[in-house]
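Q: Got a minute to walk through this one with me? Let's start with the sheet.

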Amino acid sequence: MFITESGGVHNGHPANGGAKLFREIDWRNPPEVGGGPRSSYGRGDMDAKVRFAIACRRADIKRVCITGLTQDAILRFAAGEYLPTMVGSQNAIAK
């Protein structure tokens, strides 16, 4: 699991308004997400999180997620809950 203050992977920078959250990104054909500015707390931009998440999937780790610090996110993910943004087989915007 990769944690981001933006709550998952978006199709643009959330601070700019109008950005949509991806519910899932295709690890074989990920969308262009752009780097965006780094958080003062983080180690890498969104592009880096997506690259590392896809590398995990390629290493045959079945469940990979990029999400935010929502309540009990780690416990919910460990229990099998589908949290945005999962690294799967499609590029799907959350509804």
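Q: What is the strand order in the open sheet, and what kind of pairing does it have?
A: This is a predicted model. Its open sheet has three strands in the order β4-β2-β5. The pairing is mixed.

Q: Which strands are at the edges?
A: β4 (86-88) and β5 (92-93). Each of them pairs on one side only.

Q: How do β2 and β5 run, parallel or antiparallel?
A: Antiparallel. Two bridges join β5 to β2, which spans residues 22-26.

Q: Which residue of β5 is the bridge partner of E24?
A: A92. Also in β5, I93 stands opposite F22.

Q: And β2 with β4, parallel or antiparallel?
A: Parallel, over three bridges. There, D26 of β2 stands opposite G88 in β4.

Q: How many residues of β2 are buried?
A: Four of the five, so β2 is largely enclosed by the rest of the structure.

Q: Zoom out for me. What does the whole chain look like in secondary structure?
A: Two helices and five strands. From the N terminus the order is β-β-α-β-α-β-β.

Q: How much of the chain is buried?
A: 33% of its 95 residues count as buried.

Q: On to the core. Which residues make up the largest nonpolar one?
A: There are 11 of them. They are V9, F22, I25, V33, M46, V50, A53, I54, V64, I66 and V87.

Q: Which elements each supply at least two residues of this core?
A: β2 and α1. The largest share comes from α1, with four residues.

Q: Why would such side chains end up together?
A: In soluble globular proteins, nonpolar side chains tend to be buried together.

Q: Where does V9 lie?
A: In the loop between β1 and β2.

Q: A loop residue in the core. Is V9 buried or exposed?
A: Buried, because its relative accessibility is 0%, and the cut-off for buried is under 20%.

Q: How far is V9 from A19?
A: They are 9.7 Å apart in space, C-alpha to C-alpha. In sequence they are 10 residues apart.

Q: Switching to charges. How many salt bridges does a search of the whole structure find?
A: Four. Let's take some of them in turn.

Q: What about D47 and R51, where do they lie?
A: Both are in helix α1, residues 46-58. They are four residues apart, about one turn of the helix. Their side chains meet in a salt bridge, at 3.5 Å from N to O.

Q: How open is that pair to the outside, in relative accessibility?
A: D47 is partly exposed at 29% relative accessibility. R51 is also partly exposed, at 49%.

Q: That 49% for R51 looks borderline. Why isn't it called exposed?
A: Because exposed means over 50% relative accessible area, and R51 is at 49%.

Q: Next one. What is the N to O distance for D60 and K62?
A: 2.7 Å, in a salt bridge between their side chains.

Q: Are D60 and K62 buried or exposed?
A: Both D60 and K62 are exposed.

Q: Which residue does R76 bridge to?
A: E81. The closest N and O atoms are 2.9 Å apart. R76 is partly exposed, with a relative accessible area of 27%. E81 is partly exposed too, at 33%.

Q: Now the surface. Which residues make the nonpolar patch of about 400 Å²?
A: M1, I3, L69 and I74.

Q: Where does M1 sit?
A: In the segment before β1 (2-3). M1 has a relative accessible area of 33%, so it counts as partly exposed.

Q: Last topic, cysteines. How many disulfides does the search find?
A: Zero, over the whole structure.

Q: Remind me what kind of bond that would be?
A: A disulfide is a covalent bond between the sulfur atoms of two cysteines.

Q: What about C65, buried or exposed?
A: C65 is buried, at 0% relative accessibility.

Q: And C56, how accessible is that one?
A: C56 has a relative accessible area of 22%, which makes it partly exposed. The cut-off for buried is under 20%, so 22% misses it.

Definitions and conventions. Residues are numbered from 1 along each chain as its sequence is written. This is a predicted model: local features need pLDDT of at least 70, side-chain atom pairs count only at pLDDT 80 or more; totals for chains, interfaces and linings use all residues. Side-chain values use heavy atoms; hydrogens and water are left out. Buried means under 20% relative accessible area, exposed over 50%, partly exposed in between (1.4 Å probe, protein chains only). Two strands pair if DSSP finds at least two bridges between them. Patches are made of residues with over 30% relative accessible area and no salt bridge: like charges are joined within 9 Å, nonpolar side chains (Val, Leu, Ile, Met, Phe, Trp, Tyr) within 5 Å. Accessible areas come from the Shrake-Rupley method with a 1.4 Å probe; for residues, only the protein chains shown count as cover. A disulfide is a pair of cysteine sulfur atoms within 2.5 Å. A nonpolar core is a set of buried Ala, Val, Leu, Ile, Met, Phe, Trp, Tyr and Cys residues joined through side-chain atoms within 4.5 Å.
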